[in-house]
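Visitor: I would like to understand one part of this model in detail, and I am new to reading structures. Could you take me through it slowly, explaining each term as it comes up?

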Amino acid sequence: MLHAIGLVELNSIAKGIEVTDVMLKTADVTLLTSKTICPGKYIVMVGGEVAAVNQSVSANAAENGFLLVDQFVLPNIH
């Protein structure tokens with residue numbers, strides 16, 4: 001059961017694929033979607049326990065710099 005959803009949006013498709021790999025290896029999360037949303041932009045959405053999703057999303061914050069458009073976590077979804 002998913003208790004949280006995390007989303008990361010990037011300005012690079014190549015970096016988006018790399019971020020997807022890092023997010024899935026960082027914590028025990030489930031990949032919900034990983035795709036391009038318009039030319040040159042990429043989103044990754046994961047779900048799982050709140051702590052795992054927070055860890056997975058925050059693991060990429062410092063590493064992506066100017067390529068990161070936005071990121072957020074929706075905890076305790078029902």
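What radius of gyration would a compact globule of 78 residues have, and what value does the protein have? After that, please take a close look at the sheet and at how its strands are ordered.

Guide: What you see is a predicted model, in which local features need pLDDT of at least 70 and side-chain atom pairs count only at pLDDT 80 or more, while totals for chains, interfaces and linings use all residues. Residues are numbered from 1 along each chain as its sequence is written, and side-chain values use heavy atoms, with hydrogens and water left out.

To your question: a compact globule with 78 residues would have a radius of gyration near 12 Å, and the protein agrees with this at 11 Å. The radius is taken over C-alpha atoms, and the globule rule is 2.2 Å times the number of residues to the power 0.38. Along the principal axes, the C-alpha trace spans about 30 × 20 × 20 Å.

The secondary structure consists of 3 helices and 4 strands, arranged along the sequence in the pattern β-α-β-β-α-α-β. Here helices (H or I, at least four residues) and strands (E, at least two) are DSSP runs, numbered from the N terminus.

Now to the sheet itself. Its 4 strands stand in the order S2-S3-S1-S4, forming an open sheet with antiparallel pairing. Strand S2 (30-38) and strand S4 (68-75) are at the edges with a single partner strand each, so one side of each has no neighbour in the sheet. From one strand to the next, the twist averages 10°. Two strands pair if DSSP finds at least two bridges between them, and in general strands of a sheet pair through backbone hydrogen bonds, either parallel or antiparallel.

Let us walk across the sheet from one edge to the other. S2 and S3 are joined in the antiparallel sense by 7 bridges, and one residue pair to find here is Thr33 with its bridge partner Met45 in S3. The hairpin of these two strands has 2 residues between them, and in it Gly40 takes a positive phi near 90°. Next, S3 pairs with S1, again antiparallel and over 7 bridges, with Val8 standing opposite Val44 in S3. On the way to the other edge, strand S1 (residues 4-10) runs antiparallel to S4 and is joined to S4 by 7 bridges, and Gly6 stands opposite Val73 in S4.

Is strand S3 largely enclosed or left open? Of the 8 residues of S3, 6 are buried, so this strand is largely enclosed by the rest of the structure. Buried means under 20% relative accessible area, exposed means over 50%, and partly exposed lies in between (1.4 Å probe, protein chains only). By that rule, 36% of the 78 residues in the protein are buried.

The sheet also has helices packed on it. Helix H1 (residues 13-26) lies across S1, S2 and strand S3 (41-48), and runs at about 15° to S3. Helix H2 (residues 50-58) touches S1, S3 and S4 as it packs on the sheet, and its direction makes about 10° with that of S1. These angles run from 0 to 180 degrees between N-to-C directions, and the axes are lines fitted to C-alpha atoms, for helices over the stretch in contact; contact means heavy atoms within 4.5 Å.

The buried residues of H2 are Ala52, Val53, Ser56 and Val57. They span an arc of only 125° around the axis, which places them on the same side of H2, the arc being that of the directions from the helix axis to the C-beta atoms. As background, an α-helix has 3.6 residues a turn, so residues three or four places apart point the same way.

Ser56 makes a good closer view: at 0% relative accessibility, Ser56 counts as buried. Neighbours within four places in sequence aside, Ser56 is in contact with Met23, Thr26, Ala27, Val29 and Val46.

Just past the sheet edge in sequence, Asn76 lies in the segment after S4. Asn76 has a positive phi of about 55° although it is not a glycine, and with 53% relative accessibility Asn76 counts as exposed. In general, most residues other than glycine have a negative phi.
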